[in-house]
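Colleague: Before the model is used in our discussion, I should like to hear the reasoning behind the terms applied to it. Please show the structure, and then let us take the terms in turn.

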Amino acid sequence: MAGEAEPTGPAPRRAALLRRRAASFGHAFRGVGAALRTEVHLWFHAAATAAVLGLGLYCGLARWEWVAVVLSVGAVWGAELLNTAVEAVVDLVSPEYHPLAGRAKDVAAGAVLVVALAALVVGLLVFGPYLLPIWARINGL
Ligand SMILES: Nc1ncnc2c1ncn2[C@@H]1O[C@H](COP(=O)(O)OP(=O)(O)OP(=O)(O)O)[C@@H](O)[C@H]1O
């Protein structure tokens with residue numbers, strides 16, 4: 001922390017390190033909270049995440065299937081948050097129109113699209129075998 005004297009001795013140094021780590025976690029959670037407050041489409045992601053996790057419980061997914069689903073959901077959230085950060089930085093440094101600013105935003109949005117499409121494929125591969133028989137039964141096939 002600025003202006004704070006460096007602690008001496010192993011125990012105070014460890015305590016200071018832990019305080020800094022805790023503060024970093026606090027900043028990260030504040031970032032997620034700020035993104036949720038400002039980006040309405042993240043609420044759609046929150047609802048989709050809840051639906052996917054609920055469906056996973058309903059289907060009784062195997063351990064490896066949960067691994068694939070949790071990694072996919074986490075990747076989409078990570079990409080969305082990075083996209084939000086890129087948008088904020090671009091708006092800060094280039095509030096006026098600039099082709100590079102547009103490209104930066106488009107590429108960041110493209111990253112979200114790629115991860116979301118991969119997550120969709122994972123979802124079809126994982127949930128397909130559980131949901132297809134139910135769909136077939138409902139349709140009398
Ligand atoms: N400063 C800029 N200079 C040039 N093009 C820009 C600029 N800002 C935005 N754009 C273009 O407009 C598109 C939409 O930008 P915008 O900031 O509205 O993001 P968005 O994708 O609608 O996200 P959100 O709705 O979360 O703000 C960008 O992908 C980019 O092509």
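The exchange below takes up the helix packing, the annotated positions and the surroundings of the ligand.

Modeller: Please bear in mind throughout that this is a predicted model.

Colleague: Why are α3 and α4 called roughly antiparallel?

Modeller: The axes of α3 and α4 cross at roughly 170° and come within 9 Å. Angles over 145 degrees count as roughly antiparallel, and α3 and α4 are therefore described in that way. By class, 19 nonpolar, three polar and four charged residues make up the contact of α3 with α4.

Colleague: What makes α2 and α3 roughly antiparallel?

Modeller: For helix α2, residues 41-59, and α3, the axes cross at roughly 175° and come within 11 Å. With the limit at 145 degrees, α2 and α3 are therefore roughly antiparallel to each other.

Colleague: Which residues of α2 and α3 meet?

Modeller: From α2 come Leu42, His45, Thr49, Val52 and Gly56, and from α3 come Trp66, Val69, Val73, Val76, Trp77 and Glu80. The contact of α2 with α3 has seven nonpolar, three polar and one charged residues.

Colleague: Glu80 appears in that contact. How do you know whether Glu80 is buried or exposed?

Modeller: Glu80, which lies in helix α3, has 22 C-beta neighbours inside 10 Å. A residue is buried if 20 or more other C-beta atoms lie within 10 Å of its own, so Glu80 counts as buried. Leaving aside neighbours within four places in sequence, Glu80 is in contact with Leu42, His45 and Val112.

Colleague: With which residue does UniProt list Glu80 under "binding site"?

Modeller: The unreviewed UniProt entry lists Arg20 and Glu80 under that heading. Spread over 61 residues of sequence, they are also spread in space, up to 26.2 Å between C-alpha atoms.

Colleague: What makes Arg20 exposed?

Modeller: Arg20 is found in helix α1 and has 10 other C-beta atoms within 10 Å. The term exposed applies at 12 or fewer, so Arg20 qualifies.

Colleague: Why is Arg13 called exposed?

Modeller: Arg13, also placed in helix α1, residues 10-38, has 12 other C-beta atoms within 10 Å. Because the class takes in 12 or fewer, Arg13 is exposed. The C-alpha atoms of Arg13 and Ala88 are separated by 35 Å, with these positions 75 residues apart along the chain.

Colleague: UniProt also has a longer "binding site" list, with Arg20, Glu39, Glu87, Glu96, Tyr97, His98, Lys105 and Asp106 in the unreviewed entry. Why do these residues not all gather at one spot?

Modeller: They span 87 residues in sequence, and the farthest two C-alpha atoms are 38.6 Å apart, so they do not all gather at one spot.

Colleague: How do you know that Tyr97 is exposed, whereas Lys105 is partly exposed?

Modeller: Tyr97 is found in the loop between α3 (63-93) and α4 (99-138). Tyr97 has 7 other C-beta atoms within 10 Å, and the limit for exposed is 12 or fewer, so Tyr97 is exposed. Lys105 lies in helix α4 and has 16 other C-beta atoms within 10 Å. Partly exposed covers the range between 12 or fewer and 20 or more, so Lys105 is partly exposed. Not counting residues up to four places away in sequence, Lys105 touches Val86, Glu87 and Val90.

Colleague: Which residues surround the ligand?

Modeller: The shell consists of Glu39, Glu87, Ser94, Tyr97, His98, Ala101, Gly102, Lys105, Asp106 and Ala109. The largest share, five residues, comes from α4. By class, the shell divides into three nonpolar, three polar and four charged residues.

Colleague: What is the secondary structure of the spans that UniProt calls "transmembrane region", among them residues 42-61 and 68-90?

Modeller: The unreviewed entry lists residues 42-61, 68-90 and 110-132. Residues 42-61 are 90% helix and 0% strand, with end C-alpha atoms 25 Å apart. Residues 68-90 are 100% helix and 0% strand, and the end C-alpha atoms are 33 Å apart.

Colleague: Finally, why is Val70 called partly exposed?

Modeller: Val70, in helix α3, has 14 C-beta neighbours inside 10 Å. Exposed requires 12 or fewer and buried 20 or more, so Val70 counts as partly exposed.

How values were computed:
Residues are numbered from 1 along each chain as its sequence is written. This is a predicted model: local features need pLDDT of at least 70, side-chain atom pairs count only at pLDDT 80 or more; totals for chains, interfaces and linings use all residues. UniProt positions are given in the numbering used here, feature names are shortened, and annotations may be inferred rather than shown by experiment. Helices (H or I, at least four residues) and strands (E, at least two) are DSSP runs, numbered from the N terminus. Two residues are in contact if their C-beta atoms, placed from the backbone, lie within 7 Å. A residue is near a molecule or strand if its C-beta atom, placed from the backbone, lies within 6 Å of it. Ala, Val, Leu, Ile, Met, Phe, Trp, Tyr, Cys and Pro count as nonpolar, Asp, Glu, Lys and Arg as charged, and the others, Gly among them, as polar. Axes are lines fitted to C-alpha atoms, for helices over the stretch in contact, and angles run from 0 to 180 degrees between N-to-C directions. Angles under 35 degrees count as roughly parallel, over 145 as roughly antiparallel, 65 to 115 as roughly perpendicular and the rest as oblique.
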